[in-house]
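Good morning, colleagues. Please take a moment to look at the sequence and the model before I begin.

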Amino acid sequence: MDVCSVKYREWKVSNPEMGAVNALVTGGYAPLTAMVLAARGMQTPGQAHAYLDCSCAMPDPFLLRDMDLAVGRVGLAMAKGEKIAVFGDYDVDGITATCLLTDFLRHNGANCISYIPGRLEEGYGLNPIAIHQLHDEGVQLIITVDCGITAVDEALLCKELGIDLVITDHHECKDELPDAIAVVNPHRPHSGYPHKNLSGVGVAFKLAAALWGNQEAALAEYADMVCLGTVADVMPLLGENRVFVARGLESLRHTHRPGIAALMKECNCDPETLTATSIGFMLAPRINAAGRIGKIEIAVGLFLTHDEAEAEAYAQGLCELNRQRQAVESEIFTQAVEMLPTDNQPEAIVLADENWHQGVVGIVASRIAEEYCCPTFLICLDGEHGKASSRSYGGFNLFASLTALSDLLESYGGHELAAGFTIHRDQIPAFRQAICKLAKEYYADAGPRTVLDVDCIIPPDLLSIRGIDALNVLEPCGNGCPKPVLMIENLVIDRASPVGNGRHLRLRLRHGRQTLNAICFSTTMESASIQQGDVVDVAFNPQVNEFRGERSVQLNVIDIRPSCQAECSCDVSSYHTLCAGTISPQAAAELLPDRNTLGVVWRYLAGTGSDTIQESPICLCRKIVRRGNIPLSLGKMLTCLDIFSDVGLLTTKRLNKYIVIHLPATTGKADLQQSATMQRLLHAKES
C-alpha cells in the first residue's frame, strides 16, 4: 500500500497572473522571482520595488503620539542628572530595547541603570517589587521598553511614590491606558504613525532617535540591536522594519560591539552569510536562554560591554545557558511523554509536575503540540497552585478556550496560539476534562485546520542555480516576506535514504528524465510514510546546496502529498452543516454521494488489506481520488464514512490529526439506503 503523511490539511496555492509575471520580467526580475512576486499580488515593477524596498525613508519619530512628552521628560532628567531606570522584558526584543536605550542615555551623560525582572520571581512587566526596589535606589524616572501598556495599577503606585513614568511599548492597547507622563505606542488610537508593527526595540530606537535629533546617525549606531529584536519578535519585515533588518544585517556583519562579535564566533555564525533566518535559529535562542534560565545579567552584559575579554566570557556564558536550556527541555519533554496515556491519545494534553522549569515549559509545550498534533498545556506546580504555558495546534484558539473556562482558572492571558494561566491544583482534573471536550468538538469534523501557503506551482525545468540565486532579492525574508514556497506536481520518489545519523531524509525525485535532489529535515521514512515509486506533489523552499566547492539545486521539503489527477477539495463547510443539523437543500445535493462514489470509497478501504487504517483525512481523500480517478471533496468522503458506519460496515474514531477506521473481519451486505446519514441527506435535498 502506498502511504504518505501530509502535514498540512490544505495547500493554499496562489496562481500568479501571467500578465503581471511578464511585466515584472520586463522590469528586470528573473522569471522565477517574477512568478513569486506576482503570486504575492505584485502587478508592476513599481509595486515589487515598494514591497522589497530596504531603503525607504524612516518616518519622523515625533509622529508617534506622546513622543514630544517623552522626549521632554527624559531630556529634563538628563539635564538635571536625575536617576533613570530603563525597565524592559526578558526576551530578545526586551533585552535589546533595554540595552539600546541604556547605552544611548549613558553615552549622553545620563545617570541611568537598567532593570529586567526575573521571569520566575517577578514575571512579565512592571511590578510592585521592582518599583519599590527602584524607589529605594533613588530612581526618579522609569522608562519602560517592550512592556508597560497594561500597567495601570503599577502606574498609580509610581505616582504614589513620586516616580515619573514614561511608557514605550508595542503591544496592543486596552481601553484604559496607564496614567503616565507619556505613553508611546504605535498601536494607540489616533496615532499619526504609519507603521503599526514596530517591535519593542523599534519603539525604543524611535525614542533614542528623537532625543538624538538625527535618526540616520541613530540607526547607524543601533541598527544591529534593532535588527536582532525585530527578527526575534517575528515582526512583519515590511516597510520600516525592512530598513531596520537590512541595515542591521549589514551592521552585524561588521559589528563594533565586542559582545555580538563574540557571540557569533562562539556559535559558529558566519557574519558574511548572516540572514534573518540565522538570527532566528542561532543567535536569538542563545540570547533568550538568559531570561529562561534566570541569568538575564549575562545577556545585558553581552550587549553593553566594551571589553573583548568580558565579551568572550559573556558569549560563552550564553552558549552554556542555551545548552542547559536544551538539557532541561529534553528532560521535561521525556518526562511529559512518559506521563501520556499509552492506550488512547487525548484530544488535548494537560500535564503537571512540581519540578518543571517555568522558563522552559513553553518551548516543551510547543514541541509536544507539534509532535502529538494537539493543543498542549504544561503546568508547573508550586504548592497548591500551578502556573501553565500552553501552545495551540491546528488553529485551536487558546485564548477563547481559556476565556470559556475562566471559572476554573485564577488568571489567564495570551492569544490564540500561545497563552498562560494560573490554576489551583484541585481544579486541574476539571480543566483537563473541559479542555479535552472543547478540543474534541473543534477537531470533530476533519481534524486540525492547518494551512500551507504556496506561492506557485512551477515546472521542474524552471529550477536553476541562477534562478534560485535571483530569489535573494526577496531578502531579508521573514514574517510578512517569507522565503518562497514553491510546488512541483507528479514527482516520482526515485530514491530515499536517511542522513544525519538517521534524523533527516534525502530524496531523489524524478519528473520524466529530470531528477531533483531534496532534503526533508527531522523526518524519517517511517514518520513521512513514503515509499520508493510513490507519485507525489512536493512543497518546498528552493535552495542552492554548496558541498566541497560544488553548487547544486536542492529542494528543502516542507510537505509531501499524494498526487491526484481529479479534483480533491478540502471543503468541509457542507459537512459542518450536516453534523449541526442545519444543512440546506443545495448543500445536501452537493454532499449526497452517488452509488459510484460510495463504491470507489469502499473499494479503496477494503483493498488496503488492513483491518485498521489510520490517516490524516485529507491524505486518505487524496489517495481515494488518485485510485478511483474521480473528483471528491473531503466533506463528501467523511459523509461516505458516516454512511458506512451507520450500517455497521466500519467504525471511525477521531484522533486529532488522524482518522482511525476499523473494518470488521467479516461483513455482510448492507443496505446503504437505511443509513441515518443517507436519510437526512435525502430528506434535506427534497425539503
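I shall go through two sheets, several helices and a group of strands, in that order.

First, a word on the basis of these remarks. The model is predicted, so that local features need pLDDT of at least 70 and side-chain atom pairs count only at pLDDT 80 or more, while totals for chains, interfaces and linings use all residues. Residues are numbered from 1 along each chain as its sequence is written, and side-chain values use heavy atoms, with hydrogens and water left out.

Let me begin with the parallel sheet. It is open, has 5 strands in parallel pairing, and follows the order β3-β2-β4-β5-β6. Helices (H or I, at least four residues) and strands (E, at least two) are DSSP runs, numbered from the N terminus. Two strands are said to pair if DSSP finds at least two bridges between them. At the edges of this sheet are β3, residues 111-115, and β6, residues 182-184, each of which pairs on one side only. From one strand to the next, the twist averages 20°. Angles of this kind run from 0 to 180 degrees between N-to-C directions, with axes as lines fitted to C-alpha atoms, for helices over the stretch in contact. Within the sheet, β2, residues 83-87, is joined to β3 in the parallel sense by 5 bridges. Ile84 is the residue that stands opposite Cys112 in β3.

Now to the helix that lies on these strands. Helix α6, residues 128-136, lies across β2, β3 and β4 (141-144), and runs at about 155° to β3. Which residues of α6 are buried? They are Ala130, Ile131 and Leu134. These residues cover an arc of only 100° around the axis, which puts them on the same side of α6; the arc is that of the directions from the helix axis to the C-beta atoms. On the other side of α6, Ile129 and Asp136 are exposed. Here buried means under 20% relative accessible area, exposed means over 50%, and partly exposed lies in between, with a 1.4 Å probe and protein chains only. The cover over the buried residues of α6 includes β2, β3, β4 and α7 (152-161), where contact means heavy atoms within 4.5 Å.

Both ends of α6 deserve a comment. At its start, a side-chain oxygen of Asn127 comes to within 3.1 Å of the backbone nitrogen of Ile129. Just after α6, Gly138 adopts a positive phi of about 85°.

I turn next to helix α9, residues 215-232. This helix has a kink of about 70°, centred on Tyr222; the bend at a residue is the angle between axes fitted to the seven residues ending there and the seven starting there. Of the 18 residues of α9, 13 are buried, so that the helix is mostly covered. Asn214 caps the N-terminal end of α9, with a side-chain oxygen 3.3 Å from the backbone nitrogen of Glu216. Beyond the helix, Val234 takes a positive phi of about 55° just after α9.

In helix α10, residues 240-253, we find Asn241. Is Asn241 buried or exposed? It counts as buried, because its relative accessibility is 3%. Leaving aside residues up to four places away in sequence, Asn241 touches Asn197, Leu198, Thr230, Met235 and Pro236.

The second sheet has mixed pairing. It is an open sheet of 5 strands in the order β7-β8-β9-β11-β10. Its edges are β7 (349-353) and β10 (411-414); each has a single partner strand, so one side of each is left without a neighbour in the sheet. The twist here averages 15° from one strand to the next. Strands β8 (residues 376-382) and β9 (residues 385-391) pair in the antiparallel sense over 7 bridges, and Ile379 stands opposite Ala388 in β9.

In the edge strand β7 lies Val350, which counts as buried because its relative accessibility is 3%. Not counting residues up to four places away in sequence, Val350 touches Phe377, Ile379, Ile428, Phe431, Arg432 and Ile435.

Finally, consider strand β18, residues 550-562, which is mostly covered, with 10 of its 13 residues buried. Strand β16 (residues 514-520) runs parallel to β18 and is joined to it by 3 bridges; Asn517 has Gln554 as its bridge partner in β18. Strand β17 (residues 535-547) pairs with β18 in the antiparallel sense over 12 bridges, and Val536 has Pro562 as its bridge partner there. The hairpin of β17 and β18 has 2 residues between the strands, and in it Arg548 takes a positive phi near 55°.

Technical notes:
Polar contact = N/O pair within 3.5 Å; in protein donor to acceptor, adjacent residues only side chain to side chain.
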